[in-house]
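Open the model in your viewer and keep the selection tool ready. The stops below go from a helix pair to buried positions, then to charged pairs and the surface.

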Amino acid sequence: MNTVDVRTRPAGGSDLVDPESFWDDTVRGLLDLNGRLVARGATLLGLPPLSFDVDGAIGALVVDDNGVHAQRKVAESGPVIELDVGAFSDLMGDVVSAFGLGMAGRVVVRRGVLNDFVSWEPVLRALIDGRAVYEPGTIDFRDADGAELDLRQSFS
């Protein structure tokens, strides 16, 4: 049976992500690997920069004409999200969503609103998992033999 579940990590807690090494090392490698997907998704969704304060470790993802880059300071615009290392690790590990963190009171939105943070979720998945942000027209439906399904078909 086919599935639409694209999670790449096992259920349960996540390993703690050191925010300093994430911003200094990990994110640069991820941008080298998935930067085009990230830039395309952020541009498609019209996202402003996203800044994090993880227990005092500052980092931001900034979209500009040259793509997406990480910086170790709060961006001049866009949401600023404050969270502890456990919440950051759960987000990076796809254990909990940005919306879930917000609803559980595990984040403080210092600038912007929660929806600004939630809007970045598919782009964060593109960064970490290499999963492209959905674009209209990129999904088709096929039967078990590979033939295109008629989505207007009805049954009695």
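Angles between axes under 35 degrees count as roughly parallel, over 145 as roughly antiparallel, 65 to 115 as roughly perpendicular, and the rest as oblique. Keep in mind throughout that this is a predicted model.

**Stop 1: the helix pair**

Select residues 19–45, helix α1, and residues 85–92, helix α2. Their axes are 10 Å apart and the helices pack at an angle of about 45 degrees, so α1 and α2 are oblique to each other. To see where they touch, show side chains: Pro19, Phe22 and Trp23 on the α1 side meet Val85, Phe88 and Met92 on the α2 side.

**Stop 2: the surroundings of α2**

Stay on α2 and colour Ala87, Phe88, Ser89, Asp90, Leu91 and Met92, which are buried. Because six of the eight residues of α2 are buried, the helix is largely enclosed by the rest of the structure. What covers these buried residues? The cover includes α1, β1 (50–54), β4 (80–83), α3 (98–103), α4 (114–118) and α5.

**Stop 3: Val38**

Move to Val38, in helix α1. Is Val38 buried or exposed? Its relative accessible area is 1%, and under 20% counts as buried, so Val38 is buried. Beyond its neighbours within four places in sequence, Val38 contacts Leu31, Val68, Val123, Ala126 and Leu127. A distance label from Val38 to Ser89, C-alpha to C-alpha, should read 19 Å; the two are 51 residues apart in sequence.

**Stop 4: Val133**

Next select Val133, in the segment after α5. Val133 also counts as buried, at 11% relative accessibility. Setting aside neighbours within four places in sequence, the contacts of Val133 are Gly41, Leu44, Leu45, Pro122, Val123 and Ala126. Val123 and Ala126 are also among the contacts of Val38. For a distance check, Val133 and Asp32 are 101 residues apart along the chain, with 17 Å between their C-alpha atoms.

**Stop 5: salt bridges**

How many salt bridges does a search of the whole structure find? It finds 12, and three are worth displaying here.

Begin with Glu20 and Arg72, whose side chains meet at 2.7 Å, N to O. Glu20 lies in helix α1 and Arg72 in the loop between β3 (67–71) and β4, so this pair ties together parts that are 52 residues apart in sequence. Glu20 is partly exposed at 34% relative accessible area, and Arg72 is partly exposed at 32%.

Then show Glu82 and Arg110, a salt bridge with its closest N and O atoms 3.4 Å apart. Glu82 belongs to strand β4 and Arg110 to strand β5 (residues 107–111), so the bridge ties together parts 28 residues apart in sequence. Glu82 is partly exposed at 32%, and so is Arg110, at 42%.

Last of the three, Arg131 and Asp94 meet at 3.7 Å, N to O. This pair links Arg131, in the segment after α5, with Asp94, in the loop between α2 and α3, 37 residues apart. Arg131 is partly exposed at 27%, whereas Asp94 is buried at 18%. Add Arg125 and Asp129 to the selection: with Asp94 and Arg131 they are linked in a network of salt bridges.

**Stop 6: a nonpolar patch**

Switch to a surface view and select Tyr134, Ile139, Phe141, Leu149 and Leu151, which make a nonpolar surface patch of about 550 Å². One of them, Leu149, is in the segment after α5 (121–129). Leu149 counts as partly exposed, at 39% relative accessibility.

Note on methods:
Residues numbered from 1 in each chain as written. Predicted model: local features only at pLDDT ≥ 70, side-chain atom pairs only at ≥ 80, totals over all residues. Heavy atoms only, no water. Patch = residues over 30% accessible without salt bridge, like charges linked within 9 Å, V, L, I, M, F, W, Y side chains within 5 Å. Areas by Shrake-Rupley, 256 points an atom, 1.4 Å probe, with all protein chains shown as cover. Salt bridge = Lys/Arg side-chain N within 4 Å of Asp/Glu carboxyl O. Helix = DSSP H or I, 4+ residues; strand = E, 2+ residues; numbered from the N terminus. Buried < 20%, exposed > 50% of the residue type's maximum accessible area, 1.4 Å probe, protein only. Axes fitted to C-alpha atoms, helices over the stretch in contact; angles between N-to-C directions. Contact = heavy atoms within 4.5 Å.
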